[in-house]
Amino acid sequence: MAATKKMLGIYGPGSTHWVGDGFPVRNLFPSNGIEKEIDPFLMLDYAGPMDFKPSNRPHGVGEHPHRGFETVTIAYQGAVEHRDSSGNSGTIYPGDVQWMTAASGVVHEEMHEREFAQKGGPFEMIQLWVNLPKAHKMSKPRYQALQKEQIPAVELGAGGYARIIAGELNGVQGPAKTFTPVNLFDVRLKAGSEAELNLPAGHNAGIVLLRGDVVVNGSQALQGEAKLALLSADGERVSLAAKQDSILLVLSGEPINEPVASYGPFVMNTEEELVQAVEDYRAGKMGHLN
Ligand code: MN
């Protein structure tokens with residue numbers, strides 16, 4: 001029988017702040033100081049859930065750059081419109097995922113969709129930053145619009161299921177193309193459902209609880225809202241037993257194990273590369289929005 005991934009700790013938000021005027025986020029990392037244990041993931045912001053009042057001017061975050069990694073946005077409630085300097089644009093609705101590879105650099109904006117903004121209502125998103133290995137930090141930007149219908153689900157019993165956004169579970173493959181091995185599963189459990197997940201040995205891993213009450217590995221209570229259970233790279237097995245209906249995001253990935261130098265929206269390997277990124281952005285080399 002495969003060994004269990006051990007629980008390294010349970011974390012609440014290390015920081016709570018607004019991103020622009022559209023994303024009231026609770027940050028689970030890097031604010032908790034677990035950079036090494038969660039490599040290749042760099043950042044996770046959980047926005048909302050929050051009710052937005054109707055507004056003729058969409059809320060969000062205006063033109064800003066990224067270089068050296070990928071931004072992955074998972075929509076739970078509400079809708080977000082994206083536009084970037086490499087010519088890609090799209091709107092994500094509940095169940096959709098946007099996987100944007102900034103790599104050598106893009107400038108983009110992330111706004112509440114106009115119709116959603118006008119109507120107002122509950123808004124809930126996660127944005128996850130996935131690091132790129134040195135060899136791909138200066139690759140061409142890429143944009144993957146993963147629609148709800150493209151994301152396959154694995155039944156977990158008693159009405160529970162996992163939607164496979166990236167990677168593989170029980171032989172079911174997710175649609176996202178990744179640069180290093182990454183699993184990303186949107187997991188929904190019903191009260192009373194029990195699930196066993198197999199995550200690769202050697203992958204760093206975490207389970208984000210959006211809300212609910214789950215017992216991890218038979219003994220650890222993961223309950224409430226906006227919590228992260230950090231798991232060991234050793235072992236493969238994780239068991240989940242839901243005491244209430246629960247929404248979870250399961251992530252695992254092979255650590256990149258390279259130096260990380262970060263400055264706001266730029267994540268590179270050295271200070272020199274950060275200086276270069278700022279210069280390139282100021283010189284317009286990451287492009288502009290039309
Ligand atoms: Mn951004």
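In which strand is the place of P49? P49 belongs to strand β4, and the views below, all taken from a predicted model, begin with this proline and another one that precedes the strand.

**View 1. Two cis peptide bonds, one leading into P40 and one leading into P49.**
The bond that joins D39 and P40 is cis, with an omega of about 20 degrees, and P40 itself sits in the loop between α1 (35-38) and β4. In the second case the bond runs from G48 to P49 and is again cis, with omega near 0 degrees, but here the proline is part of strand β4. As background, most peptide bonds are trans.

**View 2. Strand β3 and the strands paired with it, β2 and β4.**
Strand β3 covers residues 23-29, and seven of its seven residues are buried, so that the strand is mostly covered. Strand β2 (residues 15-19) runs antiparallel to β3 and is joined to it by five bridges, with V19 standing opposite F23. These two strands form a hairpin with three residues between them, and G20 in the turn has a positive phi of about 60 degrees. Strand β4 (residues 41-52) also runs antiparallel to β3, to which it is joined by four bridges, and here V25 stands opposite A47.

**View 3. Strand β10, with bridges to β5 and to β7.**
Why is strand β10 described as largely enclosed by the rest of the structure? The description holds because seven of the seven residues of this strand (residues 106-112) are buried. Five bridges join β10 to strand β5 (residues 60-66), and the two run antiparallel; in this pairing the bridge partner of H66 is V106. Five bridges also join β10 to β7, again in an antiparallel arrangement, and there H82 has E110 as its bridge partner.

**View 4. D84, a buried residue with no salt bridge.**
D84 is found in strand β7 (residues 80-84). Although D84 is buried, it has no salt bridge, and the nearest side chain of opposite charge, that of R83, is 9.3 Å away; a salt bridge would require the charged atoms to be within 4 Å. What the side chain of D84 does make is a polar contact with the side chain of H82, at 2.9 Å, and another with the side chain of S86, at 2.8 Å. Beyond its neighbours within four places in sequence, D84 is in contact with several residues, including M100, H108, Y143 and L289.

**View 5. N88, in the loop that follows β7 and leads to β8.**
Is N88 buried, partly exposed or exposed? N88 is partly exposed, because its relative accessible area of 26% falls between the cut-offs of 20% and 50%. The side chain of N88 makes a polar contact with the side chain of S86 at 3.3 Å, and S86 is also a polar partner of the D84 side chain. Residues up to four places away in sequence aside, N88 touches H82, R83 and Y143. From N88 to K177 there are 89 residues in sequence and 17 Å in space, C-alpha to C-alpha.

**View 6. L249 and the largest nonpolar core.**
The largest nonpolar core has 30 residues, and those with the most contacts inside it include F29, W99, L128 and L249. When residues up to four places away in sequence are not counted, L249 touches L44, I74, Y76, L184 and F185, among others. Apart from this core lies another, of 25 residues, among them A162, F185, L189 and A205. In soluble globular proteins, nonpolar side chains tend to be buried together.

**View 7. T71, a buried residue of strand β6.**
T71 lies in strand β6 (residues 69-77), and its relative accessible area is 0%, so it counts as buried. Among the residues in contact with T71, leaving aside neighbours within four places in sequence, are H66, W99, H108 and L128.

**View 8. Two alanines with positive phi, A103 and A226.**
Most residues other than glycine have a negative phi. A103, however, has a phi near 45 degrees and lies in the loop between β9 (97-101) and β10, while A226 has a phi near 50 degrees and has its place in strand β20 (residues 220-231). A103 is buried, with a relative accessible area of 0%, and A226, at 0% relative accessibility, is buried too.

Definitions and conventions. Residues numbered from 1 in each chain as written. Predicted model: local features only at pLDDT ≥ 70, side-chain atom pairs only at ≥ 80, totals over all residues. Heavy atoms only, no water. Buried < 20%, exposed > 50% of the residue type's maximum accessible area, 1.4 Å probe, protein only. Lys, Arg positive; Asp, Glu negative; His and termini not counted. Polar contact = N/O pair within 3.5 Å; in protein donor to acceptor, adjacent residues only side chain to side chain. Contact = heavy atoms within 4.5 Å. Core = buried A, V, L, I, M, F, W, Y, C linked by side-chain atoms within 4.5 Å. Pairing = 2+ DSSP bridges.
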